[in-house]
Amino acid sequence: GQIGVSATCPCFNAQDLDKASTDIASGSYTFYPETTCKGKDSASATNSITYTNDEMGYPAMLGYEVTTGECRKSDMIFMASAPEEAACRSLLNDKCTEHSSVFAAAAAAASATCPCFDTEDLDKAAEDVASGSYTFRSATTCTGSDSGSTGIVYTNDSTGYSIMMGCEVRANSCRKSDMFRETSASENSACRSLITSKCVEHSSIFAAAAAANTNE
């Protein structure tokens with residue numbers, strides 16, 4: 001048999017790649033399907049499992065990569081000899097196969113769009129709320145719920161009855177004004193992330209409108 005130690009990848013091991021897969025499956029990170037497992041089974045192309053943590057307001061690089069002569073762990077690059085590079089490639093190939101369904105689902109989620117509204121609709125809703133011409137529904141606006149109901153919700157009561165306005169996402173559906181649509185899980189999460197970012201962006205508008213409601 002062969003004597004001596006076979007080369008190991010200097011950047012990651014099997015557990016690291018399993019952890020990356022779990023992170024991506026959690027949906028808490030931004031997944032990069034453009035580069036993940038694209039160099040699979042190649043002896044020279046760049047191969048990786050790539051995702052970022054965007055919580056700080058900029059994308060912090062996470063994941064693992066191998067390319068000619070080097071490998072990456074998060075944002076740290078290490079030199080890799082030819083046997084080490086081959087060991088990294090072999091690990092990534094195995095895990096790209098093992099976790100392929102996780103990466104496929106994450107890629108689908110990354111490309112999903114909300115079927116009911118977009119950023120412009122939400123900006124318009126915030127403008128309407130700010131105008132004071134409508135009845136602001138603070139109880140159902142920006143609830144922060146990741147499964148229940150949240151949105152930018154107000155009604156037009158000028159006709160003597162309440163006409164539902166604004167945008168909202170519920171457990172399995174979304175709506176713009178009085179038009180409801182069912183959502184897949186990835187569409188639902190796309191709607192939620194739109195609302196979450198606009199709730200932050202327009203938070204002062206909603207706080208002022210809620211305060212005005214209480215004063216009446």
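In this predicted model, the residues lining the largest pocket split into 15 nonpolar, 11 polar and 4 charged. The space inside that pocket comes to about 950 Å³. Its lining runs to 30 residues, and those closest to the centre of the pocket are Gly27, Ser28, Tyr29, Ser189 and Ser193. As for who builds the wall, α1, β1 (30-31), α3 and α5 (185-201) each put in at least two residues. Helix α5 chips in the largest share of the lining, with 9 residues.

Two of those contributors, α1 and α3, also pack against each other. Helix α1 covers residues 14-26 and helix α3 covers residues 100-111; their axes sit 9 Å apart, at an angle of about 35°. The crossing of α1 past α3 is left-handed. On the α1 side, the contact is made by Ser21, Ile24 and Ala25, and these meet Val102, Phe103 and Ala106 of α3. Sorted by class, this contact is 5 nonpolar residues plus 1 polar one, with no charged residues.

Helix α5 has a packing partner too, namely α4. Helix α4 takes in residues 119-131, and its axis comes within 10 Å of that of α5, the two crossing at roughly 40°. This time the crossing is right-handed. From α4, the contact draws on Thr119, Leu122 and Asp123, while α5 brings Leu194, Ile195, Lys198 and Glu201. The class make-up of the contact between α4 and α5 is 3 nonpolar, 1 polar and 3 charged residues. Charged residues thus appear at the contact of α4 with α5, whereas the contact of α1 with α3 has none.

Then there are the aromatic rings. A pair of such rings is described by how far apart the centres lie and by the angle between the planes. The model holds 5 aromatic pairs. One of them joins Tyr29 and Tyr51: the ring centres are 5.3 Å apart and the planes stand at 75°, which is over the 60 degrees needed, so the pair counts as edge-to-face. The two tyrosines come from distant parts of the chain, 22 residues apart, with Tyr29 in the loop between α1 and β1 and Tyr51 in strand β2 (residues 47-53). Tyr29 ties this pair back to the pocket, being one of the residues closest to the centre of the largest pocket.

Technical notes. Residues numbered from 1 in each chain as written. Predicted model: local features only at pLDDT ≥ 70, side-chain atom pairs only at ≥ 80, totals over all residues. Heavy atoms only, no water. Axes fitted to C-alpha atoms, helices over the stretch in contact; angles between N-to-C directions. Helix = DSSP H or I, 4+ residues; strand = E, 2+ residues; numbered from the N terminus. Left-handed = near helix turned anticlockwise from the far one by under 90°. Contact = heavy atoms within 4.5 Å. Nonpolar A, V, L, I, M, F, W, Y, C, P; charged D, E, K, R; others polar. 1 Å grid on protein atoms, 1.4 Å probe; cavity = no way out; pocket = protein on both sides within 12 Å on 5 of 7 lines; lining within 4 Å. Points joined across faces, edges and corners; volume = space filled by probe spheres on them. Phe/Tyr/Trp six-rings, centres within 6.5 Å; stacked < 30°, edge-to-face > 60°.
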